[in-house]
Amino acid sequence: MTSQRIFEPKIRSLIDTPLSVGESPVWDERTGALWFVDILAPAAYRLRANGSLDRFDMPAAIGCLGLCENGMVLAGLQTGVHLLDPATGQLEFFCDPDGGRPDSRLNDGKVGPDGHFWVGTRDEAVPQTGNARLYRVSPDRSFTCLIDGGLLTSNGLAWSPDGRRMYHSDSSGPMLQAFDFDADTGAVGAAERLHDFVPGEGRPDGAATDCEGYYWSAGVQGGRLNRISPEGQIVEVYQVPFAGPTMPCFGGPNLKTLYVTSLTTGEGTSRAQGTLIAFDAPVAGAPVQRFAL
């Protein structure tokens, strides 16, 4: 078993606004802004390069964001995928791949190397029943279901730098799997189970990949980011000053800054509000594509 190196990076706090469930940080290299959401607010946020923070209130729980080629922003809401116009704050319904299923909502999503929006759902039933799915949304508003059932919380979407491998986790599993990926067609191969998470490693939440092909997974409730090799071994651990990191994102100049969202954890004096932090990354991130719209 590969030994793990432990790091305590120098953290920068970026916002004063508390988040209930901060998620889905997305770097906009065109404007130098960072987008992210608070699932339960519900709201999307844009942290501008000058440090000002814009809030876009949503009509339903929002799980994720993706940037479009035309400057619009995809928003995965409980009521379906919508287009957000950053200039006006207006929302336009795009499609609803999940069809309003009970005990389900759109959760983690990201634009893939194929220029499509990949978005999974979370099983909201108590107890969970395994009804989570993974969808591929096309620019023409059509969609395909790639995984139907057997999941509890679809999460952790990310792709290798060459676009030939797709990573995907089940936060409630908790496990990480990978698929061969065709960036031209969006076709995926058979699932390869890479890692089963044990107590102390955190549950695998949102994720990103770096230029060396390693997978960075937010270990929610573990207070850490796990840097995982393509073979599924945790090789490095980056400790953060709160228990609930939810998703990392590479951004900044040369994609050498790691942004991390978090959720509110604990009670009373041990309560830690969700927030957004950053630290200098040891390696550049893999670029994330834009929706071909």
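Which residues form one aromatic cluster with Trp216? I looked this up before anything else. Phe7, Tyr238, Phe250 and Phe279 join Trp216 in that cluster. I keep in mind that this is a predicted model.

**Overall build**

I went through the secondary structure next. I find 25 strands and zero helices in the chain. The radius of gyration is 17 Å, close to the 19 Å that the globule rule gives for 293 residues, so the chain is as compact as a globular protein of that length. I also noted the box that the C-alpha atoms fill: roughly 45 × 45 × 40 Å along the principal axes.

Then I checked burial and contacts. Buried residues account for 58% of the 293 in the chain. Taking contacts between residues at least 6 apart in sequence, I see that 45% join residues at least 24 apart.

**Surface and charge**

I get an accessible surface of about 11,900 Å² for the chain, and carbon and sulfur atoms own 48% of it. I have 23 positive and 35 negative charges on my list, and their mean positions sit 3 Å apart.

**Aromatic pairs**

How many aromatic pairs does the structure hold? I have 12 down in my notes. I looked at Phe36 and Tyr45 among them: their ring centres are 5.2 Å apart and their planes meet at 10°, which is under 30 degrees, so I call the pair stacked. Are these two buried or exposed? Phe36 is buried, with a relative accessible area of 0%, and Tyr45 counts as buried too, at 3%.

I turned to Trp118 and Phe181 after that. This aromatic pair is edge-to-face, with 5.5 Å from centre to centre and 65° between the planes. I noticed that the pair links distant parts of the chain, 63 residues apart. Trp118 belongs to strand β12, whereas Phe181 is in the loop between β17 (175-180) and β18 (192-196). I have Trp118 as buried at 0% relative accessible area, and Phe181 as buried at 6%.

**One loop residue**

Where does Asn131 lie? I found Asn131 in the loop between β12 (117-123) and β13 (132-137). Why do I file Asn131 as buried? Its relative accessible area is 16%, and because buried means under 20%, Asn131 makes the cut. I then listed what Asn131 touches, leaving out residues up to four places away in sequence: Arg101, Pro102, Asp103, Thr121, Asp123 and Leu151.

Methods
Residues numbered from 1 in each chain as written. Predicted model: local features only at pLDDT ≥ 70, side-chain atom pairs only at ≥ 80, totals over all residues. Heavy atoms only, no water. Helix = DSSP H or I, 4+ residues; strand = E, 2+ residues; numbered from the N terminus. Rg over C-alpha atoms; globule rule 2.2 N^0.38 Å. Buried < 20%, exposed > 50% of the residue type's maximum accessible area, 1.4 Å probe, protein only. Contact = heavy atoms within 4.5 Å. Areas by Shrake-Rupley, 256 points an atom, 1.4 Å probe, with all protein chains shown as cover. Lys, Arg positive; Asp, Glu negative; His and termini not counted. Charge placed at Lys NZ, Arg CZ, Asp CG, Glu CD. Phe/Tyr/Trp six-rings, centres within 6.5 Å; stacked < 30°, edge-to-face > 60°.
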